[in-house]
Amino acid sequence: MQGEGKKDIKSMTLPQLEEELTAAGEKAFRAKQLYQWMHVKLARGFGEMTNLSKELREKCGEIYSYTCLEPIQIQESAIDGTKKYLFRLSDGNLVESVLMKYHHGNSVCISSQVGCRMGCRFCASTLDGLERNLLPSEMLDQIYAIQLDTGERVSNVVVMGTGEPLDNYDNLLVFLKMLTDENGLHISQRNVTVSTCGLVPQIERLAEEKLQITLALSLHATTDEKRRHLMPIADRYSIRELMEACRYYFERTGRRITFEYSLVGGINDTDRDAEELSALAKPLGCHVNLIPVNPIKERNFVQSEGVRIRTFQNLLEKYGNNVTIRREMGRDIDGACGQLRRRTMQAIGTGSTL
Ligand code: SAH
């Protein structure tokens, strides 16, 4: 898939890299130097690694592929400084990432796959299906490229862009370990959120990793019937199974889960929905994040009215839940998730590649 079958050096953990280099007759400390260049100094190629001999750099270039993302478009919000990036991967595929500036630091929302096969009906990222999984390096690269562009440290990462992260489980796990590794960017696990449409076996598997990340579940409906209307994955796993998986996750990790709930006008925003949502969230002590649905032109879902959103929030609070409404960042540059990539692909009239 990458670099004519060469091994992807930026997806190797430090112990793996040490093993590789010592097997090739190099000293172990060279691995640490290389790792630092890739994951701390964010070098864009072997050529920049000036404290390594030219010979070693050339040898690495022959054996390994080196992923690097090219920003082909950057849109910046005049309102709040939010930046939307469109990157080209080395095989020509496109991915989107978003930088949001908060008082507590810079947060980056990354994609985990090129496209998605989950088919959520309100989501633009899934309209063309899944192209391929992203490598650990390609997930890291989105953060590295943004940090290089802004010159500012990224302190929070949310895996909420295009793709279903738990559908790319193994690569996600390596990515999470490398992102939070003290030898790399060393982002605190507590500052990392992974959002899933609810793949029950993978949630249970993730629970065993005992990470301190936040798991966000895209719930969006409180009955199986309503959920099936919005999300095909609801045909696979019932809400009851999902809640059991959430309980298990909480028990194993001690981390409270966030429920994401996109409010769709006339579909899931009644007082009854709020009551049912509270009945699911409260026993697990979940935080509820309400997202006014971002309409996409391919579907006719509409946002709930402002008053309805506030009433919905008030009801949840009255029942004793911890609730936030997702702040709309970068309203002036924002299409729904995945729309920048989609628009660009359509404009250049190709499939999903450039
Ligand atoms: N596949 C993962 C992560 C990607 S989507 C997941 O399903 O959680 C990140 C969040 O944005 C999810 O809660 C998703 O349901 C929501 N989302 C996607 N498209 C949206 C839209 N048009 N309006 C509002 N929320 C949307």
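The following exercises concern helix packing and ligand contacts in a predicted model.

Residues are numbered from 1 along each chain as its sequence is written. Local features in this predicted model need pLDDT of at least 70, side-chain atom pairs count only at pLDDT 80 or more, totals for chains, interfaces and linings use all residues, and side-chain values use heavy atoms, with hydrogens and water left out.

**Exercise 1.** Determine how helix α1 packs on helix α2, and which residues make the contact.

*Solution.*
Step 1. Helices are DSSP runs of H or I with at least four residues, numbered from the N terminus. Helix α1 covers residues 14-23 and helix α2 residues 28-39.
Step 2. Axes are lines fitted to C-alpha atoms over the stretch in contact, and angles run from 0 to 180 degrees between N-to-C directions. The α1 and α2 axes lie 8 Å apart, at an angle of about 130°.
Step 3. α1 is therefore oblique to α2; angles under 35 degrees count as roughly parallel, over 145 as roughly antiparallel, 65 to 115 as roughly perpendicular and the rest as oblique.
Step 4. Contact means heavy atoms within 4.5 Å. From α1, the contact involves L14, L17, E18, L21 and T22; from α2, it involves A28, R30, A31, K32, L34, Y35 and M38.
Step 5. By class, this contact of α1 with α2 has 8 nonpolar, 1 polar and 3 charged residues, where Ala, Val, Leu, Ile, Met, Phe, Trp, Tyr, Cys and Pro count as nonpolar, Asp, Glu, Lys and Arg as charged, and the others, Gly among them, as polar.

**Exercise 2.** Establish the relative orientation of helices α6 and α8 and the composition of their contact.

*Solution.*
Step 1. Helix α6 (residues 200-208) and helix α8 (residues 239-253) have axes 8 Å apart, at an angle of about 5°.
Step 2. The two helices, α6 and α8, are therefore roughly parallel to each other.
Step 3. V200, I203, E204, L206, A207 and E208 of α6 meet E241, L242, A245, Y248, Y249, R252 and T253 of α8.
Step 4. Sorted by class, the contact of α6 with α8 has 8 nonpolar, 1 polar and 4 charged residues.

**Exercise 3.** Describe the surroundings of the ligand and the distances from its oxygen atoms to T196, C197 and E260.

*Solution.*
Step 1. The ligand is surrounded by 18 residues (a heavy atom within 4 Å). The closest are G163, S195, S218, H220 and N294.
Step 2. A backbone N or O atom of T196 is 3.4 Å from a ligand oxygen atom, and a polar backbone atom of C197 is 3.4 Å from an oxygen atom of the ligand.
Step 3. In E260, a side-chain N or O atom lies 3.3 Å from an oxygen atom of the ligand.

Key
A polar contact is a pair of N or O atoms within 3.5 Å; within protein, one must be able to donate a hydrogen and the other to accept it, and residues adjacent in sequence count only if both atoms are side-chain atoms.
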